[in-house]
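Got the model open in your viewer? Here's a short tour of what to select and what you'll find there.

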Amino acid sequence: LTMIAVLFDAKRLITRALSVGSSSTHSKKLAEVANAIRFKLEQKQPGPNNPSSSSLWNDYHGIAQKLLESGSYTQAEECFRFSLSKFRDDLAVRERLSATLREAGRLTEAAHELYGV
């Protein structure tokens, strides 16, 4: 029951964040939701034995992508770096981090993250 409540809470927070008006408020709310989900994820063990954790990770990555799309590069970078701290070999997350750095104009860091150069 607790895991269902956590998932429902995360979905509610995401829906509320996406329904706000201005883009700066939108980005701020998304960052707040990302922080709330990150806090919940820090308390869980990731992986296939914890399916609710997988759902939270999917939500978290979706928010990180929205932050990237809205130009909130610092917050998106934080999300993708947190994910990589848990899943070092996840190439999709590494690519999204690289894209975030590229969009922020940090081309050398983007290349290093993507290609290790």
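Start by selecting Y73, A76, E77, F80, R81, S83 and L84 in α4, and show their side chains. This is a predicted model, by the way. Now add V93, R94, R96, L97, T100, L101 and E103 in α5, which are the residues that the α4 set meets. Try coloring the selection by residue class: this contact of α4 with α5 brings together seven nonpolar, two polar and five charged residues.

Next, hide the side chains and look at the two helices themselves. Select residues 73-86 for α4 and residues 91-103 for α5. How do their axes cross? They come within 9 Å and cross at roughly 155°. Because of that angle, α4 counts as roughly antiparallel to α5; the cut-off for that label is over 145 degrees. Turn the view so that one helix lies in front of the other, and you're looking at a left-handed crossing.

Now zoom out and color the whole chain by secondary structure. What turns up? You should find six helices and zero strands. Follow the chain along its sequence and the pattern reads α-α-α-α-α-α.

Last stop: switch on the surface. The accessible surface of the chain comes to about 6800 Å², and 56% of that belongs to carbon and sulfur atoms. How much of the chain is buried? Of its 117 residues, 38% count as buried. If your viewer can draw contacts, take those between residues at least 6 apart in sequence: 47% of them join residues at least 24 apart.

Terms used:
Residues are numbered from 1 along each chain as its sequence is written. This is a predicted model: local features need pLDDT of at least 70, side-chain atom pairs count only at pLDDT 80 or more; totals for chains, interfaces and linings use all residues. Side-chain values use heavy atoms; hydrogens and water are left out. Axes are lines fitted to C-alpha atoms, for helices over the stretch in contact, and angles run from 0 to 180 degrees between N-to-C directions. Helices (H or I, at least four residues) and strands (E, at least two) are DSSP runs, numbered from the N terminus. Angles under 35 degrees count as roughly parallel, over 145 as roughly antiparallel, 65 to 115 as roughly perpendicular and the rest as oblique. A crossing is left-handed if the near helix is turned anticlockwise from the far one by less than a right angle, and right-handed if clockwise. Contact means heavy atoms within 4.5 Å. Ala, Val, Leu, Ile, Met, Phe, Trp, Tyr, Cys and Pro count as nonpolar, Asp, Glu, Lys and Arg as charged, and the others, Gly among them, as polar. Buried means under 20% relative accessible area, exposed over 50%, partly exposed in between (1.4 Å probe, protein chains only). Accessible areas come from the Shrake-Rupley method with a 1.4 Å probe; for residues, only the protein chains shown count as cover.
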